[in-house]
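Colleague: I have just opened this structure and would like to learn how to read it. Could you take me through some features, one at a time?

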Amino acid sequence: MIKKPMRMCIACRERKTKDQLLRFVSHDHQIVLDNQKQLDGRGFYLCNKIECVDLMKKKKILNKVLSRMVTEQEYEAMKEYVHEKK
Ligand SMILES: [Zn+2]
């Protein structure tokens, strides 16, 4: 069996395999879903859960990760992606 590389959700800090997480990239001050996992920019992993978007927002984790203010619209956009995958 091939050992899959584990990645950590920045919100709940749970370690999971890549396919259990969503990868987002901050690209031109917009947060986009990195489906191909090859976009340029600051990337981070998040569980495919609304709870983790909310947690990240509440604790301002993403502001620290990206070293900038993350807007309400960006959080909403991330929630859309989370919904989409279900
Ligand atoms: Zn999580």
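Modeller: Gladly! Let us begin with a cut-off: a residue is buried under 20% relative accessible area, exposed over 50%, and partly exposed in between. Please keep in mind that this is a predicted model.

Colleague: Where does C12 fall on that scale: buried, partly exposed or exposed?

Modeller: C12 has 29% relative accessibility, so it counts as partly exposed. Compare C9, which counts as buried because its relative accessibility is 0%.

Colleague: How many disulfides does the protein have?

Modeller: A disulfide needs a pair of cysteine sulfur atoms within 2.5 Å. By this rule the count is 0 disulfides.

Colleague: What share of the residues counts as buried in the whole protein?

Modeller: The share is 41% of the 86 residues. As for the outside, the accessible surface is about 5,800 Å², and carbon and sulfur atoms hold 50% of that area.

Colleague: Which pattern of helices and strands does the protein follow along the sequence?

Modeller: The pattern reads β-β-β-β-β-α-α-α. In total there are 3 helices and 5 strands. The radius of gyration is 12 Å, close to the 12 Å that the globule rule gives for 86 residues, so the protein is as compact as a globular protein of that length. Along the principal axes, the C-alpha trace spans about 40 × 25 × 25 Å.

Colleague: How much of the contacts comes from residues 24 or more positions apart?

Modeller: Counting contacts with a separation of 6 or more, such residues account for 46%.

Colleague: Now the backbone. What is the general idea behind the sign of phi?

Modeller: Most residues other than glycine have a negative phi. Here, R13 has a positive phi near 65° and is not glycine. D28 is another non-glycine residue with a positive phi, about 50°.

Colleague: Where is R13 found, and where is D28?

Modeller: R13 sits in the loop between β1 (6–8) and β2 (15–17). D28 lies in the loop between β3 (21–27) and β4 (30–33).

Colleague: Are these residues buried or exposed?

Modeller: Use the cut-off from the start. R13 has a relative accessible area of 58%, so it is exposed. D28 counts as exposed because its relative accessibility is 67%.

Colleague: One last feature, the charges. How far apart are the mean positions of the positive and negative charges?

Modeller: Take the mean position of the 20 positive charges and that of the 12 negative charges: the two are 9 Å apart.

Methods
Residues are numbered from 1 along each chain as its sequence is written. This is a predicted model: local features need pLDDT of at least 70, side-chain atom pairs count only at pLDDT 80 or more; totals for chains, interfaces and linings use all residues. Side-chain values use heavy atoms; hydrogens and water are left out. Helices (H or I, at least four residues) and strands (E, at least two) are DSSP runs, numbered from the N terminus. The radius of gyration is taken over C-alpha atoms; the globule rule is 2.2 Å times the number of residues to the power 0.38. Buried means under 20% relative accessible area, exposed over 50%, partly exposed in between (1.4 Å probe, protein chains only). Contact means heavy atoms within 4.5 Å. Accessible areas come from the Shrake-Rupley method with a 1.4 Å probe; for residues, only the protein chains shown count as cover. Lys and Arg count as positive and Asp and Glu as negative; His and the chain ends are not counted. The place of a charge is taken as NZ of Lys, CZ of Arg, CG of Asp or CD of Glu.
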